[in-house]
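Visitor: Please put the model on screen. I will then ask about it piece by piece.

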Amino acid sequence: MSIASSQSIATSPPRVAARSQPENPMVKLFIGSGCTWVYELSMGHYFEFVKIAKQTKPEMSYAALTREMTAQKGLIGVLDGFFPWGTVQALSKGAVFAFAHAGAKKALHPYSKEQGGPVPHMVVETMAGGIGGGLQGLVLSPILLLKTRVMTNPVFRQQMSLGQTVSMSTKVGMDVIRSEGISALMKGSIVFASKRVADWGTRFLFSTIVEDVLFKRGDETYKLSYNEKIAASLLGGTLSACSTIPIDVMVAQIQQAGKAGEKVSVLETFSAEFKAGGWERVAGFATRGFIARTAHVATTTALMKTMTSWVYDMYMGKGSH
């Protein structure tokens, strides 16, 4: 063996060991829940907050929106809506998605080409992502509505302590039920669940395509490193964000505080935008909050597709590094 080849082996990134058995859904449930909460607290909630603010106040810049969030409360203002609804959402969405995704992959595993079945790896990944996303959407729609109401309500931009913000946020749920009925908690749930199927299905689809095109390059035996998987997840999430941003804008429009008590039609909303300014207006409306949305989707995809599996492998003692 030459010195050059020895150096190549020594410096090549460690590869992810092949997993002979699919991940345990119950273990993934707890890992997904914990990882998602940490991610949302550290950066995810801000990305989503500023994205929703941009979608409902498109005339303001991201810098101006951030200043508005922090003007009265300082940096703690960025966490408006995180306690309690954002925390409930983070713990729930991480748990539900991780469990449903791992369960779907486990059910599809015997039929995959890797096990001698007829279903390609890309189809397994896309289906499992879509199933996990759809279940997540149905379970989380009421929580997202409550969190969105807090983040889009001007009352919460006033000076108040974290304790006062949490107390007022908690009352939002009862106010919604009292004024709009309990069915209002499911406002936009069909659109949201459909969006989640499209979101997570495309995230896993594009991530798998990137893995195949950039790294595997037709070599089915090639084992990706965690760094390569993260890079593919970030790129796949970015492509997914580009394809699903119009639905995301529509959900924000339906669930914002300013639309409380109103029935918001998807078709009527886009028709109104077209009448106001033609296709250019529709395109602008459908891509509001694109930068924040892309940042959130890319990092979330890397978290749920790659990082939770890395934590799983570490926990199960299967990590290669």
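Visitor: What phi does R217 take, just after α7?

Guide: This is a predicted model, in which local features need pLDDT (the predictor's confidence in each residue, from 0 to 100) of at least 70 and side-chain atom pairs count only at 80 or more, while totals for chains, interfaces and linings use all residues. Residues are numbered from 1 along each chain as its sequence is written, and side-chain values use heavy atoms, without hydrogens and water. Helices (H or I, at least four residues) and strands (E, at least two) are DSSP runs numbered from the N terminus. Just after helix α7, R217 has a positive phi of about 50 degrees.

Visitor: At what angle do α7 and α10 pack?

Guide: Axes are lines fitted to C-alpha atoms, for helices over the stretch in contact, with angles from 0 to 180 degrees between N-to-C directions. The axes of α7 and α10 lie 11 Å apart, and the angle is about 70 degrees. α7 is therefore roughly perpendicular to α10, as angles of 65 to 115 degrees count as such, under 35 as roughly parallel, over 145 as roughly antiparallel and the rest as oblique. The angle asked for is about 70 degrees.

Visitor: Is H296 buried or exposed?

Guide: H296 belongs to helix α10, residues 290-315. Its contacts (heavy atoms within 4.5 Å), leaving aside neighbours within four places in sequence, include Y39, F47 and K93. Under 20% relative accessible area is buried, over 50% exposed and in between partly exposed, with a 1.4 Å probe and protein chains only. At 7%, H296 is therefore buried.

Visitor: Which helix has the highest confidence?

Guide: The mean pLDDT of the protein is 84. Confidence is lowest in helix α1, at a mean of 44, and highest, at 95, in α10.
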